[in-house]
Amino acid sequence: MTRQSGAIPFRINVEGEPEILLVTSKRSGRWVLLKGEVKRDMLPDASAAREAFEEGGVLGSISGRPVATYRQIK
């Protein structure tokens with residue numbers, strides 16, 4: 001089973017409202033999730049932070065609690 005983690009980058013604007021950062025793929029131009037495989041020596045939240053930076057250039061704080069989880073059989 002391959003484990004993946006991802007990030008949903010957002011910020012709180014001056015009105016106190018959340019703003020979600022949307023990222024597109026360079027190749028296809030489609031909207032993508034900032035996700036990737038969790039390496040053996042990494043926790044999922046650290047992996048999510050790495051993927052957010054590598055794929056979207058995003059820096060910030062990562063919560064240790066997941067927003068959601070799911071299993072997919074391939």
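How much space lies in the largest pocket? About 1,600 Å³. Keep in mind that you're looking at a predicted model. Here's a quick tour of that pocket, a nonpolar patch on the surface, and a serine worth finding on your screen.

**The largest pocket**
- A set of 37 residues lines the largest pocket, and if you want to find its centre, look for Q4, S5, G6, A7 and A68, which are the closest to it.
- Four elements each give two or more residues to the lining of the largest pocket: the strands β1 (4-7), β2 (10-12) and β6 (34-37), plus the helix α1.
- Of these, α1 chips in with the largest share of the lining, at 6 residues.

**A nonpolar patch on the surface**
- Seven residues, namely I8, F10, I12, I20, L22, W31 and V67, make a nonpolar surface patch of about 870 Å².
- Zoom in on L22 from that patch, and you'll find L22 in the loop between β3 (18-20) and β4 (23-24).
- Is L22 buried or exposed? L22 counts as exposed because its relative accessibility is 57%, and the cut-off for exposed is over 50%.

**Finding S63**
- To spot S63, go to the segment after α1 (44-56).
- The side chain of S63 reaches over to R65, where it meets the backbone nitrogen at 3.1 Å.
- Now try K35: counting along the sequence, S63 and K35 are 28 residues apart, while in space their C-alpha atoms sit 15 Å from each other.

Technical notes. Residues numbered from 1 in each chain as written. Predicted model: local features only at pLDDT ≥ 70, side-chain atom pairs only at ≥ 80, totals over all residues. Heavy atoms only, no water. Patch = residues over 30% accessible without salt bridge, like charges linked within 9 Å, V, L, I, M, F, W, Y side chains within 5 Å. Areas by Shrake-Rupley, 256 points an atom, 1.4 Å probe, with all protein chains shown as cover. Salt bridge = Lys/Arg side-chain N within 4 Å of Asp/Glu carboxyl O. Buried < 20%, exposed > 50% of the residue type's maximum accessible area, 1.4 Å probe, protein only. Polar contact = N/O pair within 3.5 Å; in protein donor to acceptor, adjacent residues only side chain to side chain. 1 Å grid on protein atoms, 1.4 Å probe; cavity = no way out; pocket = protein on both sides within 12 Å on 5 of 7 lines; lining within 4 Å. Points joined across faces, edges and corners; volume = space filled by probe spheres on them.
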